[in-house]
Amino acid sequence: MSVAPLTILVVFGPQGSGKSTQVERLAKKLGLTIFEAGEVLRARAQVDEKIHQTLQQGELVSDETMLGIIDEFIAEHQSASGYVFDGYPRNRDQFNDFLTIATNSRARTAGIFINLSDASAKQRLAGRFTLVDGKRVTREDDQPDIVQKRLETFKSETLPLKELFAQNFELLEIDGEPSVDEVTKEIDEAVGKFLDS
């Protein structure tokens with residue numbers, strides 16, 4: 001697989017589709033820099049009550065806030081050969097901002113959509129936890145009622161990006177139901193074809 005002078009890959013899909021794992025593997029394989037929106041926002045939420053409240057309600061932070069965060073990230077990583085975005089853009093307005101960024105940077109750009117059913121998403125999130133002092137702790141935004149709201153928000157806000165990526169860049173559709181390794185293999189093959197085309 002070869003990487004163009006500047007490559008931008010955007011991985012998106014419903015909650016529980018394994019985006020973060022796939023983003024890490026893809027970035028490592030291609031030597032790209034990761035922007036993980038959820039991680040950045042959760043860190044900001046520790047010191048910003050407005051962002052904390054927004055995440056608690058299962059909603060998206062403002063487009064203006066996200067654009068500011070993205071601008072800071074790109075400024076800090078100007079020497080990168082490319083980026084893998086996880087969690088941005090998340091709606092049509094953010095896509096318009098992203099379109100400007102990608103166009104101005106003349107980056108080779110593709111959206112990678114990992115498809116997953118609601119049932120599988122809920123099942124995976126219900127079993128997700130981190131260990132804190134030897135105890136299993138579930139993330140606040142993985143509570144069932146918040147998960148349902150997040151999935152509804154994904155369908156109304158983020159799912160339409162499939163069409164926008166297909167119209168403006170490349171759209172690579174991936175089946176997120178199989179095992180993690182099988183999904184990685186499918187992504188590697190799809191991205192390989194994209195970069196070599």
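Let me start with two rings: Phe 85 and Tyr 88 are both buried, where buried means under 20% relative accessible area, with exposed over 50% and partly exposed in between, for a 1.4 Å probe and protein chains only. Please keep in mind that this is a predicted model, in which local features need pLDDT of at least 70 and side-chain atom pairs count only at pLDDT 80 or more, while totals for chains, interfaces and linings use all residues. Residues are numbered from 1 along each chain as its sequence is written, and side-chain values use heavy atoms, with hydrogens and water left out.

Phe 85 also forms an edge-to-face aromatic pair with Phe 98, at 5.9 Å centre to centre and 80 degrees between the planes; rings of Phe, Tyr and Trp (its six-membered ring) pair if their centres lie within 6.5 Å, and planes under 30 degrees apart count as stacked, over 60 as edge-to-face and the rest as tilted. This pair links distant parts of the chain, since Phe 85 lies in strand β3 (residues 82-86) and Phe 98 in helix α5 (residues 92-104), 13 residues apart, with helices (H or I, at least four residues) and strands (E, at least two) being DSSP runs numbered from the N terminus. Phe 85 and Phe 98 are both buried.

Looking more widely, the count comes to 16 aromatic pairs, and the pair of Phe 85 with Tyr 88 is tilted, with 6.3 Å between centres and 45 degrees between the planes. Ring pairs join a cluster of residues, among them Phe 12, Phe 35, Phe 85, Phe 98 and Phe 169.
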